[in-house]
Structure formats: structure tokens, C-alpha cells
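Hi there,

Here's the structure I promised to pass on. Have a look at it first, then read on for what turned up.

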Amino acid sequence: MLRHMVLFDLADDADDAAVDAAVAALRGLAEEIDEVVELHVGRDAGLAEGNAGLALLVVTADAQAWRAYQAHPAHQEVVTQHVRPVVTGRTAAQLVE
């Protein structure tokens with residue numbers, strides 16, 4: 001299994017409705033992209049100062065499936081239409097188990 005982890009820094013001016021729409025759109029990818037085995041996304045709980053505002057975990061079978069997820073038109077649309085407008089930066093890693 002490959003776990004794709006992304007931490008997003010939310011823009012200071014990102015309104016709650018736009019962030020909620022981004023979360024919902026990301027969640028929808030689990031149903032649209034066959035390569036997604038598991039997907040978790042949500043806002044930070046606010047328990048520690050300096051955390052990212054939004055986190056995403058996508059599980060795929062392997063690197064090839066992750067590449068297919070990355071290139072999938074539904075993923076590209078969600079990133080362009082919903083994620084980029086509300087974030088100022090991201091950090092990602094792929095964990096192979």
C-alpha cells in the first residue's frame with residue numbers, strides 16, 4: 001500500500017464555505033477514482049499552534065495507482081477549482097508500506 005499524505009496551509013482570507021466545498025470535493029474523489037482504496041480529509045482540530053489547516057490522506061495500492069490518481073481528470077479539476085483557491089501552500093509525502 002502507498003499512503004499519500006498532504007498538509008495544506010489555508011489562506012487567511014479563505015471563507016468557511018469555500019473550505020467546506022474543497023473538503024467535500026476531495027472526499028468525492030474516493031467514489032470517482034477507482035485507484036483510491038481509502039481517502040480521509042478534514043480540517044485541523046486546532047489542538048496545537050502552527051498546524052496546517054487541512055489534511056488529506058489517500059491510500060492506493062501502489063505507486064502506479066497513485067500516479068493514476070494524480071493524473072485523473074477529476075483530481076485535476078478538484079485541485080484547480082476547489083483546493084488552489086483556498087490554500088497558500090502544501091507539503092506532501094508518499095509513504096510506502
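Which residues does Tyr69 touch, not counting residues up to four places away in sequence? They are His4, Leu29, Ile33, Val36, Leu56, Val58 and His75. Keep in mind that this is a predicted model.

Tyr69 also turns up in the largest nonpolar core, which has 23 residues. Along with Phe8, Leu26, Leu29, Leu39, Val41 and Leu56, Tyr69 touches the most other members. Two or more core residues come from each of strand E1 (2-10), helix H1 (16-32), strand E2 (36-43), strand E3 (54-60), helix H2 (63-71) and helix H3 (73-83). H1 gives the most, with six residues.

Now for the sheet. It's an open one with four strands in the order E2-E3-E1-E4, paired antiparallel. E2 and strand E4 (87-96) stand at the edges with a single partner strand each, so one side of each has no neighbour in the sheet. On average, neighbouring strands are turned by 10 degrees against each other, if you ignore direction. E1 and E3 are joined by seven bridges, and Arg3 sits opposite Val59 in E3.

Two helices pack on this sheet. H1 touches E1, E2 and E3, and its direction makes about 170 degrees with that of E2. H2 touches E1, E2, E3 and E4, at about 35 degrees to the direction of E1.

Last, the helix pair: H2 and H3 pack at about 55 degrees, with axes 5 Å apart, and are therefore oblique to each other. Here Tyr69, Gln70 and Ala71 in H2 meet Pro73, His75 and Gln76 in H3. That contact has three nonpolar residues, three polar and no charged.

Cheers

Notes. Residues numbered from 1 in each chain as written. Predicted model: local features only at pLDDT ≥ 70, side-chain atom pairs only at ≥ 80, totals over all residues. Heavy atoms only, no water. Core = buried A, V, L, I, M, F, W, Y, C linked by side-chain atoms within 4.5 Å. Buried < 20%, exposed > 50% of the residue type's maximum accessible area, 1.4 Å probe, protein only. Contact = heavy atoms within 4.5 Å. Axes fitted to C-alpha atoms, helices over the stretch in contact; angles between N-to-C directions. Parallel < 35°, antiparallel > 145°, perpendicular 65-115°, else oblique. Nonpolar A, V, L, I, M, F, W, Y, C, P; charged D, E, K, R; others polar. Pairing = 2+ DSSP bridges.
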